[in-house]
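Work through the exercises below with the sequence and the model side by side. Try each task before reading its solution.

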Amino acid sequence: MIPSDARVARFLARPNRFVLRCDLDGEVIDAYLPNPGRLWELLFAGCRLYLSENRSGVKLPYTVVAMEKEGIPILLHTHLANDAAEMLLRRGLVPGLEDARIVKREATFGDSRFDFLLEKDGRKMVLEVKNCTLFGSTLAMFPDAVTRRGSRHLEGLLRLASSGIPAGVLFLVQWPRAQYFMPEHHTDLTFAQTLLRCRDRILIEALALNWNADLSLDGAVKRLIIPWDVIERKSRDGGCYILILKLDEDTGIMTGGLGDILFRKGYYLYAGSAKRGLTKRMERHGRKRKKLFWHIDYLREKASFQKALAIRTESDIECGLAAGLKKVSRWSVPGFGCSDCSCGSHLFGMETDPVHSPDFIHFLLDHRIGSIEGELGRENN
């Protein structure tokens, strides 16, 4: 699936969603990335990339097809994931579709286009394929960014199933060590809740793939466990969040009961929580026009909103989250956001964007995926 003549480069930066800046044999070049995901957990400076050369006349000379994590190739090219799905279907390696025949690639029903039109047991069937590149040690999750298109696909599959046309979704997990698969409810609660509604109405399968050192696809695939009871318990709109703001210059701000504080320029990370209505709480932080109530509201008036990262959980981990942020940041603002607890602060700062910091991303991954892996491990011991 991956071109045998792919060239190895090193990742430098991501100027925009579809372009990676790379070091190819000492030359800095830009390569096309056919993957709209965030890929924060994979694209660290210096990681190995595999590039294929584009034909003459294409704007960028190379396309990114894969990267490497712990010596294992990870397919990034979403279109090649469909090629892998076709191979699995033709070899009868997709559970529930062993005898299905491919009628054609891409089929349009209504306002949605799906990846495969199949024939199974004498009936037409529609299959959508999703490339999953977000994973921890044993748990893979999809998506890594909000995917309204993905939710629309699920809704379309549900409509087809209701009209009598069998439908399914196949998640191809690019991590051979995965054992479980779940929708990423932290980032896209709508997708997770929609997949839950699909549970008993369409075929849902997740398979872990293994790419060999020569970039060929190992014929062996692993069927992953989908822990529906855990998904149902977790896919609720409550928990904690990390708010990231940015100050472009040193700024003195009158901060409610804390008085006048001089905030250094840089990025600020705030640990907050909402037992219910977590989405609305994060959206509130995105707005500037509101009544100033919490300490963070005063800082938000002067600082630009970067992002709010949800950690949906039934546990009260806000103070633990603050303690962890302290370890991965450079400074804290004493007394900020912690008037109702014994913490020293719930606001921390650093000079650079935290999403480019391996320490911060590993911290986020541990709270979003690692904690669930721990639960799944305990349940199965």
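The exercises that follow go from the whole chain to a group of aromatic rings and then to one helix.

This is a predicted model, in which local features need pLDDT of at least 70 and side-chain atom pairs count only at pLDDT 80 or more, while totals for chains, interfaces and linings use all residues. Residues are numbered from 1 along each chain as its sequence is written, and side-chain values use heavy atoms, with hydrogens and water left out.

**Exercise 1.** Decide whether the radius of gyration of the chain agrees with that of a compact globule.

*Solution.* Begin with the rule, which takes 2.2 Å times the number of residues to the power 0.38, the radius itself being computed over C-alpha atoms. For 381 residues a compact globule would have a radius near 21 Å, and since the chain has 23 Å, the two agree. Next, compare the box that the C-alpha atoms fill, which is roughly 70 × 50 × 45 Å along the principal axes. Finally, turn to burial, where buried means under 20% relative accessible area with a 1.4 Å probe, counting protein chains only; by this cut-off, 54% of the 381 residues are buried.

**Exercise 2.** Find how many helices and strands the chain has.

*Solution.* Take the DSSP runs, numbered from the N terminus, and accept helices (H or I) of at least four residues and strands (E) of at least two. The result is 8 helices and 22 strands.

**Exercise 3.** Classify the ring pairs that Tyr268 forms with Phe263 and with Trp331.

*Solution.* First recall that rings of Phe, Tyr and Trp (its six-membered ring) pair if their centres lie within 6.5 Å, and that planes under 30 degrees apart count as stacked, over 60 as edge-to-face and the rest as tilted. This rule gives 12 aromatic pairs. For Phe263 and Tyr268 the centres are 5.8 Å apart and the planes stand at 80°, so the pair is edge-to-face. Tyr268 and Trp331 are also edge-to-face, with 5.9 Å from centre to centre and 80° between the planes. This second pair links distant parts of the chain, because Tyr268 lies in strand E19 (residues 266-274) and Trp331 in strand E21 (residues 331-332), 63 residues apart. Phe263 and Tyr268 are both buried, and Trp331 is buried as well. As a last step, place these rings in their cluster, which consists of Tyr241, Phe263, Tyr268, Tyr270, Trp331 and Phe336.

**Exercise 4.** Determine which residues of helix H6 are buried.

*Solution.* Helix H6 spans residues 295-302, and 6 of its 8 residues are buried, which leaves the helix mostly covered. The buried residues are His295, Ile296, Asp297, Tyr298, Leu299 and Arg300.

Key. Buried means under 20% relative accessible area, exposed over 50%, partly exposed in between (1.4 Å probe, protein chains only).
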